[in-house]
Amino acid sequence: MRLAALIISFLCQKSLNKVRDTSNMNIIEMTIHELHSALKSKKLSSLEATIAILERIKAVEPKVSSFITVTPEQALASAKNADEQIASGHCNLLTGIPLAIKDIFLTEGIRTTCGSRILENFIPPYSATSWEKLRDRGAVLLGKLNQDEFAMGSSNECSAYGVTRNPWDTTCIPGGSSGGSAAAVAAGEAIATLGTDTGGSIRQPASHCGCVGLKPTYGRVSRYGVIAYASSLDQVGPMTRDVADCAAILDAIAGYDPKDSTSVNMPVPDYSASLKEGVKGLKIGLPKEYFIDGLDPDVQKTMTEAIETYRRLGAEFIDISLPHTDYAVATYYLIATAEASSNLARYDGVRFGHRAEAGNLLEMYTKSRSEGFGTEVKRRIMLGTYALSSGYYDAYYVKAQKVRTLIMNDFIKVFNDVDVMLTPVAPTPAFKIGEKINDPLQMYLSDIFTIPVNLAGTCAMSLPAGFSANGLPIGLQLIGKPFDEETILRAGYAFEQATEWHTRKASI
Amino acid sequence: MKYQPVIGLEVHVQLKTDTKIFCGCSTQFGAEPNSQTCPVCLGLPGALPVLNKKVVEFAIKAGLSTNCSITPRSIFARKNYFYPDLPKGYQISQFEDPICQHGWLDIKVEGQEPKKIGITRIHMEEDAGKLVHGELSGSGDGSGVDLNRACTPLLEVVSEPDLRTSDEAVSYLKQLHGIVTWLGICDGNMEEGSFRCDANVSVMPIGSEKLGTRAEIKNVNSFKFVKQAIEYEIQRQIDLIEDGGTVIQETRLFDPNSGKTRSMRSKEEAHDYRYFPDPDLVPLVINQEWVERSRQELPELPDKRQQRFIDELGLPLYDAEVLNGSRVLADYFEAGVAAHGNAKLVANWVMGEITRALNDSGTSIEFSPVTPSQLAELLKLVDKGTISGKIAKTVFDEMWKSGKTPGAIVEEHGLVQVSDCSAIEGIIDEIMAANAGQVEEFRGGKEKVFGFFVGQVMKASKGKANPSVVNELLINKLKG
Ligand SMILES: [Zn+2]
């Protein structure tokens, strides 16, 4: 890595302040709010913070592999730029904050692979709206994070660039598909990150890596420039060290985008403003279908304790039912794969991405795609193609859409009676690398508590709520009403204030 | 004939919007390859379509003008197939719930009663790009893809299988062509493919209730070829059946050079397009107010306008037809009538002098150097007797050339008509004196020479003498 040389060259530019000894400041564990106040009070510069984190990345990447691409040059240049902004009195909450984003977000001029071989050399000519919004607020990009190929996976084992390891136990998966985004936050390789969530891809890795992850309501954040997996389910969201940071990122990225017809044109509340209002009288639903017998005892215990904590804080609990939960996984794997089979048709070797040597057009298509896509992606393309095929369309795709409506109605009905729902995020803590990779069905079932939320289109958050006997983090899921991210953020904040789980750090 | 042909047409109408259907790129024809593209029409990862509202407005107008009902909530769907000119690997189109449904057109074929032809549906979709074969700039020989046309808006108009002859098919096509150009939503250029047609043709024994197996003939690009292709295909199918063969369901291509159709792909080779609703686009909701607003904006259709020219302006059928040859011509005529008042007179001028001058100069009516109000001004000078009808033609030519107003030209060239009796009398006297022989002839009963005298007087007055005054005075004087 040329990192050292690069850092030295930056430090040699005489316009820079002298670099101070920051080793006592523990930069790599800071939240956005902590770093912001250090930047604002000039205790730290963005450059110092960026350098510290780049060095951390260099140190732990061999063990964690959170990144597909690190961009130190751009990071140092943006940090320097941010410091000039701060010096001239322009310091908003994200100015100079070093962030990293999942490699599913298009970044102009920076390679974007989506975890796939087929996009190994793809340099996008434009940037995703959500990243542009962070960049325009002065955030510093450290690089692009590892993920399951095309966001298809629950363990990060389906990346073409190697598996990301769980910073709490490097023999375990970090979760997926935003595994790199979760691991980077947990390993001190970024102050916060962006992920995407189609069936749990933010919440499940957040839970496994002990960070906060929010999947906003479908339509709340623009999908423009985010490589599509399943268009009717994909949503962008923050992954952070605490709930306040989560609200801060959501404040920046939420809102209508005229380039995304499915983004919703309604006012965006100030998510940070209402965090501290507490949960007294909050009605929390406990869906019985989510507290099943097969639940891991550590997860069960964590949920019981979380419920106790909320009770102490003044929340009320109501037993509820989401009767169509059992059908969610099957429904998801029909709708998501159907959409994916069509979304991934553009990777044909004609205009961009991998193109195989071939004698004719058909061979070019088949070879490019055979070589470019991994096993799981191929499996889902085939599943989806089948579900849309003439003769099967009504039995599979149309039926799945009907069940999706039933699942949505379950949620609508329940939200007449409760403000939020509390559930586990995943049935177990992080499992071992290799444990489920040859059993797709078992793998798919690790998303049973997160998938229904995507089908219903509503918002949900995962936040640290405890640890397994083996020292692996366990998250709890708060599910909110559509476009009511405020309430789950407020409930999450209250929980965080009453507990210490989020302050524990992985020792890597 | 023992067989009854059954024909249905699918027409692709390229819409004349400034920008593409799902992005802001220009739709201008003939630009440098791939210069009018963006992440959306290139089908780049992460790019999303945003519907151009103008396309919806054009579709509604097409629907209202073909007696369709407008679907209150219509859906965009993906039509999936691989081809290098199709950047996303699917075409955004409409499948279930297209924007317009259940319409019809009246067609007229000579010697037949008018006939109603059903329109099943009209839907919006994006066009694909274009493959370029041969030498490519900078990279030698090969095949290239030009995506300038990708994402250009199209309407597909699907008729019911109500057509029975090639003449009916051509009549239907002409009617539809007239409507979309009249509405100003399509330039109607068939050579450039702005209006192209696929024909579904089958035959069944006369009296049968069961339709025969149909062949779909692709991309027939002129009215003439449509007629040829359909007639060839009908005969081919009849011959096949007569010879004991069976027609198979297939797609056939028309070859304009041979006038024949040939097989392109059979039903077994046909794509399974795996249509499903496009999750990137929300359902298109069109409320009644929007439909009504569009209805208000609709120009009067040719049929109705023609009838109005007959009923309200008193024009003969022939004039009404000619003047409705295009919307701009009819607009020109009506503007002239509004400024002048005499519809028949204006019609004569538009169909006569104006059309001649346009043809001579190769100009189209929208670029006529003589505006309708200038024409009316000229005709008013004739009405007032300021100039004669004959002089008016001279003035018109000068207006066409110089762009000056008729008043200015008449003034400048001293063309004001002479109606002063004493001045004309003087001229008559001179001419009668110089042509005593002819005067005798007239008085001897040879009234034909009257015309000779009129001509001489007009010539002597350089055409400025008021002809009716000349006539009256001449009669009196010649009769002595
Ligand atoms: Zn474009």
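**Note on the predicted model: E61(A), the zinc site and chain B**

1. E61(A) sits in helix α3 of chain A, which covers residues 46-64. The model is a predicted one. With a relative accessible area of 14%, E61(A) is buried, because buried here means under 20%.

2. What does E61(A) touch, leaving aside residues up to four places away in sequence? The contacts are S66(A), F67(A) and E189(A). With F67(A) there is also a polar contact: the side chain of E61(A) reaches the backbone nitrogen of F67(A) at 3.0 Å.

3. For orientation within chain A, E61(A) can be set against R241(A). The two are 180 residues apart in sequence, and their C-alpha atoms are 19 Å apart in space.

4. The zinc ion belongs with chain B in this note. Its ligating atoms are the SG atoms of C23(B), C25(B), C38(B) and C41(B), at 2.3 to 2.4 Å. Along the sequence these donor residues follow the spacing C-x1-C-x12-C-x2-C.

5. Which geometry does the site of the zinc ion have? The angles among the four donor atoms run from 100 to 115°, and the site is tetrahedral. It counts as such because all angles lie between 85 and 135 degrees, the range required of four donors. For reference, the ideal angle for four tetrahedral donors is 109.5 degrees.

6. Are the zinc-binding cysteines C25(B), C38(B) and C41(B) buried or exposed? C25(B) is buried, at a relative accessible area of 10%. C38(B) is buried too, at 18% relative accessibility, and C41(B) is buried at 3%. Each of these values falls under the 20% limit, so the three residues are classed as buried.

7. On disulfides, the count over all chains is zero. The rule asks for a pair of cysteine sulfur atoms within 2.5 Å, so no pair of cysteines in the model qualifies.

8. Chain B is divided into domain 1 (3-290), domain 2 (300-412) and domain 3 (421-479). Between domain 2 and domain 3 of chain B, the distance from C-alpha centre to C-alpha centre is 33 Å.

9. N324(B) lies in the loop between α6 (317-323) and α7 (327-340) of chain B. Despite the loop position, N324(B) is buried, with a relative accessible area of 7%. Leaving out residues up to four places away in sequence, N324(B) touches W182(B), P302(B), R305(B), Q306(B), F309(B) and A330(B).

How values were computed
Residues numbered from 1 in each chain as written. Chains lettered and ligands numbered in written order. Predicted model: local features only at pLDDT ≥ 70, side-chain atom pairs only at ≥ 80, totals over all residues. Heavy atoms only, no water. Donors = N, O, S within 2.8 Å, 3.2 Å for Na, K, Ca; no water. Tetrahedral: all angles 85-135°; square planar, octahedral: opposite > 155°, others 65-115°. Buried < 20%, exposed > 50% of the residue type's maximum accessible area, 1.4 Å probe, protein only. Helix = DSSP H or I, 4+ residues; strand = E, 2+ residues; numbered from the N terminus. Contact = heavy atoms within 4.5 Å. Polar contact = N/O pair within 3.5 Å; in protein donor to acceptor, adjacent residues only side chain to side chain. Domains from an automatic or database assignment.
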